[in-house]
Amino acid sequence: MLPAKAALFIENKREWINLLIESKIAYVLDFDGTVTESDITSMMARHYGGEHYPECSAAYHRGEFGMKEWLERMSAYLPPDREAILAFAKERAALRPGLKGFLRSVHDRGYPLYIASDGFGLYIEPILEMHGCREHVTKIFRNRTFEDSGRLKTLTPYAHRSCPVCGNCKASLVTGLLEKGCRVYYVGDGFNDRFAAAYADIIFARDRLAGACSAAGIPFQPWDDFHDLLKGIDLANNHREHRFCDPAGKGILD
Ligand SMILES: [Mg+2]
């Protein structure tokens, strides 16, 4: 049986550990047009889809269907040749400046970082590995592509159980992290990112996501590249640079 004082100390320590877990920042990054400078899924669909691409995309932009159906329709025009698709993607896989340093900084701070993509997705790991960035990403939530009867099909394992709009329900990922007590920082560029971003504690938005946030009156941090995001990390944790005591060490500092 522990003495009462020791038991209270352990209990307090547990509470502090819980508080630390609860205040943990989790980053959620879109991939196409966010991690990479170009939207590789759109480039692929345009390249292989020919005349079907503008037709399908115009219907999508008119709101006739969501990303989930767009993926289903456009993946049918991709060649069922994984190596050819990967070669196409890798040739166009320029990373947005500052990404590597940003990933390292987030990792060094102990924050989980997730990539959530609603594109074709199969090229994400190979591109990150090609650039030596995979190890700093906690988990990748992406769609799957597979060959069926000589055609490529898209499987959407992270789709919402009933909502027909997105292939990958990034909003579920964000709300799930919030339920775990994380503060969620969302980084994106696309119009479809607005669903998840609207639930995040802090939104880093550019391009169409910035437009959607502005139109809806949702506050966001504009960003151009990952050097801007690094400034954001320091702003968000500015208070940690100044310490009066060290509770894990000797207590009050000189
Ligand atoms: Mg995007």
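D207 lies in helix α10 of this predicted model. The phi angle of D207 is near 50°, a positive value in a residue other than glycine. With 16 other C-beta atoms within 10 Å, D207 is partly exposed, because a residue counts as buried at 20 or more such atoms and as exposed at 12 or fewer.

A second residue of this kind is S149, whose phi is also near 50° and positive although S149 is not glycine. S149 is placed in the loop between β4 (144-148) and β5 (151-155). Here the surroundings comprise 6 other C-beta atoms within 10 Å, so S149 is exposed. A positive phi, of about 55°, is also taken by G50, just after α2.

**The sheet and helix α10**

Six strands form an open sheet in the order β3-β2-β1-β6-β7-β8, and their pairing is parallel. At the edges stand β3 (139-141) and β8 (221-222), each of which pairs on one side only. Within the sheet, strand β6 (residues 183-188) and strand β7 (residues 202-205) are joined in the parallel sense over four bridges. V187 is found opposite F204 in β7. Helix α10 (residues 207-216) packs on this sheet and touches β6, β7 and β8. The direction of α10 makes about 130° with that of β7.

**Helices α2, α3 and α4**

Two helix pairs are set out below.

| Helix pair | Angle | Axis separation |
|---|---|---|
| α2 and α3 | about 135° | 7 Å |
| α3 and α4 | about 170° | 10 Å |

Helix α2 spans residues 40-49 and helix α3 spans residues 52-61. At their angle of about 135°, α2 and α3 are therefore oblique to each other. On the α2 side the contact is made by A45, R46 and G49, and on the α3 side by H52, Y53 and C56. By class, this contact of α2 with α3 contains three nonpolar, two polar and one charged residues.

The second pair is oriented at about 170°. Angles over 145 degrees count as roughly antiparallel, and α3 and α4 are therefore roughly antiparallel to each other. Residues Y53, C56 and Y60 of α3 meet W70, R73 and M74 of α4. By class, the contact of α3 with α4 has five nonpolar residues, no polar ones and one charged residue. Y53 and C56 thus appear in the contact with α2 and in the contact with α4.

Which residues of α2 are buried? They are I40, T41, M44, A45 and G49. These residues cover an arc of only 140° around the axis, which puts them on the same side of α2. Their cover includes α3, α4 (67-75) and α5 (82-91). Two of the buried residues, A45 and G49, also belong to the contact with α3.

**The chain as a whole**

The protein chain contains eleven helices and ten strands. Of its 254 residues, 35% count as buried. Where contacting residues are at least 6 apart in sequence, 61% of the contacts join residues at least 24 apart.

Conventions: Residues numbered from 1 in each chain as written. Predicted model: local features only at pLDDT ≥ 70, side-chain atom pairs only at ≥ 80, totals over all residues. Axes fitted to C-alpha atoms, helices over the stretch in contact; angles between N-to-C directions. Parallel < 35°, antiparallel > 145°, perpendicular 65-115°, else oblique. Contact = placed C-beta atoms within 7 Å. Nonpolar A, V, L, I, M, F, W, Y, C, P; charged D, E, K, R; others polar. Pairing = 2+ DSSP bridges. Arc of directions from axis to C-beta.
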